[in-house]
Amino acid sequence: MKRILANTTMRSALGSQSALKPKAALGKKALVITLILTSLVDVFSILVIYLLVNTSASQEITLKGDIELPIAHNTSVIESGLVLRIDGKDLYIDDQIVASEDLLSKLEEMAMQTLIIQADRKIAFSELSPILLIASRTGYSKVRFAVIRGDGAGT
Amino acid sequence: MKKSLDFEINLLPVISLLAVCISFLLLTTVWIHLASLDITQAHGTESSSEEENKKNLWITFESSGQLLFEVKDQSGKSFFKETSRSGQDKKTRDQLRAQIAKVTEEFAQLNSTILRPHAQTPYENIILLMDLARESQLKEIGIAPL
């Protein structure tokens with residue numbers, strides 16, 4: 001029995017990590033702790049797969065300032081475009097502050113097809129209306145409002 | 001002497017690798033997903049449609065906080081007119097959803113939906129109506145500037 005224990009423990013990688021000591025003194029009870037690692041590996045694998053699936057490959061648009069975007073459920077994937085952020089009384093195009101009187105010339109200069117508007121959910125429409133007018137005047141055929149995707153399927 | 005056929009896999013490197021992957025992904029994963037709601041804007045030299053019998057849904061945000069749902073054609077003839085309460089609470093959302101569903105059921109071939117907000121209309125209320133319109137399969141949504 002001792003020879004069997006000694007042989008198997010010396011050859012087995014798992015056995016060598018257990019607390020079993022084949023050469024322990026006779027009569028002493030050895031404490032054996034065997035960790036079942038299979039379930040731990042299962043949990044880790046599922047976590048990794050979930051996190052990998054959750055990583056999206058869409059355009060990275062960062063939220064800056066104290067803007068709280070509105071929430072919507074039936075949304076589209078946000079695509080590339082010129083990002084215009086309304087933060088209080090200031091306007092930012094690609095994180096550069098723009099004066100209201102320079103907005104028209106700046107949008108004409110950028111000459112992109114899509115305008116993405118980021119604004120706080122509490123602002124009044126009177127702050128948004130001039131931007132929509134200027135966008136339509138400068139040829140921006142697609143105007144998208146950035147929102148936070150709520151529960152439910154996006155389109 | 002019989003050779004042992006036992007095969008033991010050392011799981012410690014696998015666990016270490018998975019733990020590193022999880023730590024990296026937890027730090028880099030984006031939890032808030034940004035999306036967009038699109039509107040269709042007329043611009044430049046676009047002229048109005050020549051088909052005058054195409055009906056559009058007009059949603060007007062009144063200063064009193066009420067919403068006026070109206071179905072009109074290009075000539076201005078009204079086919080449907082109802083008011084509804086505006087708000088962000090669940091009960092109001094359900095009422096608005098039912099109202100839009102009623103309109104789309106009655107007028108299956110709506111050309112577009114036009115929102116006419118008031119100057120003080122909160123942005124989130126406009127987004128809510130756009131969201132509900134898209135839910136009812138109304139694709140062409142526009143906003144009339146002030």
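Here a trainee and a mentor talk through how some features of this predicted model get their names.

Mentor: Ground rules: this is a predicted model, so local features need pLDDT of at least 70 and side-chain atom pairs count only at pLDDT 80 or more, while totals for chains, interfaces and linings use all residues. Residues are numbered from 1 along each chain as its sequence is written, chains are lettered from A and ligands numbered from 1 in the order in which they are written, and side-chain values use heavy atoms, leaving out hydrogens and water.

Trainee: What makes A:R121 and B:E124 a salt bridge?

Mentor: The rule asks for a side-chain nitrogen of Lys or Arg within 4 Å of a carboxyl oxygen of Asp or Glu. The closest N and O atoms of A:R121 and B:E124 are 2.6 Å apart, so by that rule they form a salt bridge.

Trainee: How do you know that this pair joins two chains?

Mentor: A:R121 sits in the loop between β6 (114-119) and α5 (125-137) of chain A, but B:E124 belongs to helix α3 (residues 123-135) of chain B, so the pair joins two chains. Helices (H or I, at least four residues) and strands (E, at least two) are DSSP runs, numbered from the N terminus.

Trainee: Which residues are linked with these two in a network of salt bridges?

Mentor: The network takes in A:E68, A:R121, A:K122 and B:E124. For A:K122 and B:E124, the N to O distance is 3.1 Å.

Trainee: Why is B:E124 called buried or exposed?

Mentor: Buried means under 20% relative accessible area, exposed over 50%, and partly exposed in between (1.4 Å probe, protein chains only). B:E124 has 11%, so it counts as buried. A:R121 has 22%, so partly exposed is its label, and A:K122 is exposed because it has 53%.

Trainee: What about A:D87 and A:R85, which also meet in a salt bridge?

Mentor: Their N to O distance is 3.5 Å. A:R85 is buried because its relative accessible area is 8%, whereas A:D87, at 21%, counts as partly exposed. Over all chains, the count comes to 10 salt bridges.

Trainee: How do you know that β6(A) is mostly covered?

Mentor: Six of its six residues are buried. On one side you find A:T114, A:I116 and A:Q118, and on the other A:L115, A:I117 and A:A119. In a regular strand the side chains alternate between the two faces of the sheet.

Trainee: What makes β6(A) a partner of β3 (residues 82-87) of chain A?

Mentor: Two strands pair if DSSP finds at least two bridges between them. Here five bridges join the two strands, which run parallel, and A:L84 has A:I117 as its bridge partner. β6(A) also pairs with strand β7 (residues 142-149) of chain A, in the parallel sense over four bridges, and there A:I117 stands opposite A:F145.

Trainee: And in chain B, why is one side of β4 and of β6 left without a neighbour in the sheet?

Mentor: The open sheet has five strands in the order β4-β3-β2-β5-β6, with mixed pairing. β4 (78-85) and β6 (141-143) stand at the edges, each with a single partner strand, so one side of each has no neighbour in the sheet. Strand β5 (residues 110-116) of chain B runs parallel to β6(B), joined by three bridges, and B:I114 has B:G142 as its bridge partner.
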